Every structure is written in C-alpha cells, then in structure tokens.
Amino acid sequence: MAPLRLSIVTAEQPVLDRDDVQRVIVPTTEGQITVLPSHAALMASLDIGELIAIGSDGEEDIVVHGGFIQVLHDEVTVLADAAERVDEIDEERAEAARERARHRLEGDVAADEIVDLARARIALARAETRIRIRRRRRGAGAPPAPR
C-alpha cells in the first residue's frame, strides 16, 4: 500500500512535511482517529492533544492545539491553530503558563483586571497537555527539554 503524505502547518510556519507516513493518529473534537492509506475523504476539527505520525523510520510526536484535518487521496493536511514537536517543548515555560492560567481561573488577579475565563481554560488545557505529553515521551527515552 502506498504511504500517506502528511503536511502539518500553522499560520506561522510549516511544522512537518513527510511523504512516507504509514498511519497518523489524530485528536479530533469527536475523539481520536487513525488515518491509514486509502482512508475515506474526511474533514474534521482538531482538539488539543497529541498527533502521532508513524513512518518507516519511527514516529514523530506533535502537540496540536485545535485546527482542522483534511484527508483526500492519501494526502493528510493538518491546519493547526498551534503545533509543536514534543521534543521542542520547554517544560518550564509550560509549567509557568499552567500556573498563570490556574491563578486566573481561581480569581487570583487584580480586581480591575478583566479575565476571559474561556481563554484561561484553554490556556490551562494547552499547558497541561504539553506537560503531560512531554513528560510521557521523555520517560520513553526522549532527551530532556532544552534550557
């Protein structure tokens, strides 16, 4: 079976472009899906989570933060709101973002500061996802985050 071509892009930059992918595991808002060669045409919304691209030389792990996936004729295109390779996650920065979001949600801010709770919830979910996936992959033999 012919492999998949996978492109992951954000508004800022391309994140991944491979043409030897055997399967892609993707977090959608309807649940996790696996895309294999000869997959039916598909368009879906992405959730915050881990995208895993499995190719002939191993797997690539990408944290995605919303967006869309399109599958058409063995081409998988991911248009992500934000995305980063797991080995590029700065765990200390993610911890700081998590603490900021928690403080906002707990109302631990100045009285005159307007807090958008929905944005704070999303920020918290993103930070916790980054930390969880980074720690899991680091425990699986990935090198520690650069400082």
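**Exercise 1. Classify Phe 68 as buried, exposed or partly exposed, and place this residue in the fold.**

Step 1. Start with the class: Phe 68 is partly exposed, because its relative accessible area is 44% (buried means under 20%, exposed over 50%, partly exposed in between, with a 1.4 Å probe and protein chains only).

Step 2. Keep in mind that this is a predicted model, in which local features need pLDDT of at least 70, side-chain atom pairs count only at pLDDT 80 or more, and totals for chains, interfaces and linings use all residues. Residues are numbered from 1 along each chain as its sequence is written, and side-chain values use heavy atoms, with hydrogens and water left out.

Step 3. Phe 68 belongs to strand E5 (strands, E, of at least two residues, and helices, H or I, of at least four, are DSSP runs numbered from the N terminus).

Step 4. Now look for its partners. Leaving aside neighbours within four places in sequence, Phe 68 is in contact with Ala 44, Ser 45, Leu 46, Thr 77, Val 78 and Leu 79 (contact means heavy atoms within 4.5 Å). Its C-alpha atom is separated by 8.4 Å from that of Asp 81, 13 residues apart along the chain.

**Exercise 2. Find which residues have the most contacts inside the largest nonpolar core, and which elements supply this core.**

Step 1. The largest nonpolar core has 21 residues (a core is a set of buried Ala, Val, Leu, Ile, Met, Phe, Trp, Tyr and Cys residues joined through side-chain atoms within 4.5 Å). Leu 6, Ile 8, Val 24, Leu 51, Ile 69, Val 76 and Val 78 have the most contacts inside it.

Step 2. Two or more residues each come from strand E1 (4-9), E2, E4, strand E5 (58-72) and strand E6 (75-80). E2 gives the most, with five residues.

Step 3. Take Leu 51 as a sample: beyond four places in sequence, its contacts include Ile 8, Val 24 and Val 78.

**Exercise 3. Compare Thr 28 and Ala 41: which is buried and which is exposed?**

Step 1. Thr 28, in strand E2 (residues 14-28), is buried, with a relative accessible area of 7%. Ala 41, in the loop between strand E3 (31-35) and strand E4 (42-55), counts as exposed at 59%.

Step 2. The side chain of Thr 28 reaches the backbone oxygen of Gly 31 at 2.4 Å. Outside four places in sequence, Thr 28 touches Ile 33, Ala 44, Ser 45, Leu 46 and Asp 47.

Step 3. With the same neighbours left aside, Ala 41 is in contact with Val 71 and Leu 72.

**Exercise 4. Check the span of helix H1 and say where its buried residues lie.**

Step 1. The 15 residues of H1 (residues 91-105) should span 21 Å at 1.5 Å a residue (the expected span is 1.5 Å times one less than the number of residues). The end C-alpha atoms are 21 Å apart, which agrees.

Step 2. Glu 91, Ala 94, Ala 97, Arg 98 and Ala 101 are buried in H1. They cover an arc of only 120 degrees around the axis, so they sit on the same side of H1 (the arc is that of the directions from the helix axis to the C-beta atoms).

Step 3. Helix H2 (117-139) is included in what covers these residues.

Step 4. Finish with the ends: Asp 90 caps the N-terminal end, with a side-chain oxygen 3.1 Å from the backbone nitrogen of Glu 92. Gly 107, whose phi is positive, near 80 degrees, follows H1.

Notes
Polar contact = N/O pair within 3.5 Å; in protein donor to acceptor, adjacent residues only side chain to side chain.
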